[in-house]
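Work through the exercises below with the structure open beside you, and try each task before reading its solution.

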Amino acid sequence: MQLIDGKKISGDIKSEIAQEVKEMVAAGKTAPHLAAILVGHDGGSETYVAHKIKSCEEVGFKSTLIRFEDNISEQELLNAVEKLNNDTTVDGFIVQLPLPKHIDEQKIIEAVAPQKDVDGFHPINLGKLVAGLDTFVSATPSGIVDLLKRYNIPTVGKHCVIIGRSNIVGRPLSILMSQKRIDATVTVCHSRTENLKEIAQTADILVAAIGKPGFVTADMVKPGVTVIDVGTTRVKSDKTKSGFKLKGDVDFENVAEKTSFITPVPGGVGPMTICSLLKNTLKAAKNRK
Ligand code: NAP
């Protein structure tokens, strides 16, 4: 079993991005600028956004954090999105999800200008991905593909089983994995899938993106499989300063020994997601008119 070290790979990619930023700035251009909107004080969201801002600093991007209390109205948030759409100094921005219940997330996603949608959540960007066109690929799927590539994990003709069909992870990943040059044969499973265990057992690459800690157990995987654990559920812990720790969707202790490669949680997919966001922001900056 080999551990897939997302932290290390993301560090390598960040160094590559930092080098490109240096060259951009040396050529007289302004550094890429990422803005993030954070609504409310959800612990998980606070942590994710703080990591994103810190990563911007590491690679030499400018970053701006815009905070709102969770009683912000949908219209006020739409206005803030529109302001960023029109701000020529901002190359790309994200609205950290989840949003409070009274705000329609899809409406907000669709309000973001596709050319600044560095999360790749806008239907236009999702549609371009489906059509195989150049686009902002959503960050987590793109990070997973980078991990597979950098560890030289074979994908051509392999069976990739993805558990989860959300628009931000499972669905776009299924499109990416079936594209030419990756060439996997893909099965997408969800909460209505019958015989999920038997399907999972046929996977050469098994991706768990469900949000249910320990869902994938040792009897669900075949020996030699590559397991990518996307799940990050915050569970209470008396062993950490914050009182929480992140748990993946895979029963790591028992599954790991059967695998060829496996991602840990934390330190696997998570750091790669941020990297992909940085890559998309760099791309947006290069697309400046
Ligand atoms: P989501 O929108 O809640 O989707 C979960 C998916 O899992 C759905 O498609 C659902 O099926 C499926 N599912 C739920 N219970 C199931 C079951 N018993 N059997 C089979 N499928 C089941 O979640 P998401 O946004 O994709 O996120 C999934 C996990 O990844 C979460 O833990 C999230 O925190 C984590 N995540 C991590 C990163 C990272 O950077 N590491 C990024 C994004 C998300 P239905 O469609 O049928 O409901």
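**Exercise 1.** In this predicted model, find which exposed residues are carried by the face of α3 turned away from its buried side, and work out how the buried residues are arranged around the helix axis.

*Solution.* Begin with the outward face of α3, which carries the exposed residues K83 and N86. Next, list the buried residues of α3, which are E74, L77, L78, A80, V81, L84 and N85. Seen down the axis of α3, these buried residues fall within an arc of 160 degrees, so they line one face of the helix. Finally, look at what they pack against, namely the strands β2 (33–39), β3 (62–68) and β4 (92–95) together with the helix α4 (105–111).

**Exercise 2.** Check whether the length of α3 agrees with the span expected at 1.5 Å a residue.

*Solution.* Helix α3 covers residues 74–86, which makes 13 residues. The expected span is 1.5 Å times one less than the number of residues, and for α3 this should give 18 Å. The end C-alpha atoms of α3 are 19 Å apart, which agrees.

**Exercise 3.** Decide whether T135 is buried or exposed, and name its contacts beyond its neighbours within four places in sequence.

*Solution.* First locate T135, which sits in the loop between α5 (123–130) and α6 (139–150). A residue counts as buried under 20% relative accessible area, and T135, with 9%, is therefore buried. Once neighbours within four places in sequence are left aside, T135 is in contact with N125, K128, L129 and K283.

Methods
Residues are numbered from 1 along each chain as its sequence is written. This is a predicted model: local features need pLDDT of at least 70, side-chain atom pairs count only at pLDDT 80 or more; totals for chains, interfaces and linings use all residues. Side-chain values use heavy atoms; hydrogens and water are left out. Helices (H or I, at least four residues) and strands (E, at least two) are DSSP runs, numbered from the N terminus. Buried means under 20% relative accessible area, exposed over 50%, partly exposed in between (1.4 Å probe, protein chains only). The arc is that of the directions from the helix axis to the C-beta atoms. Contact means heavy atoms within 4.5 Å.
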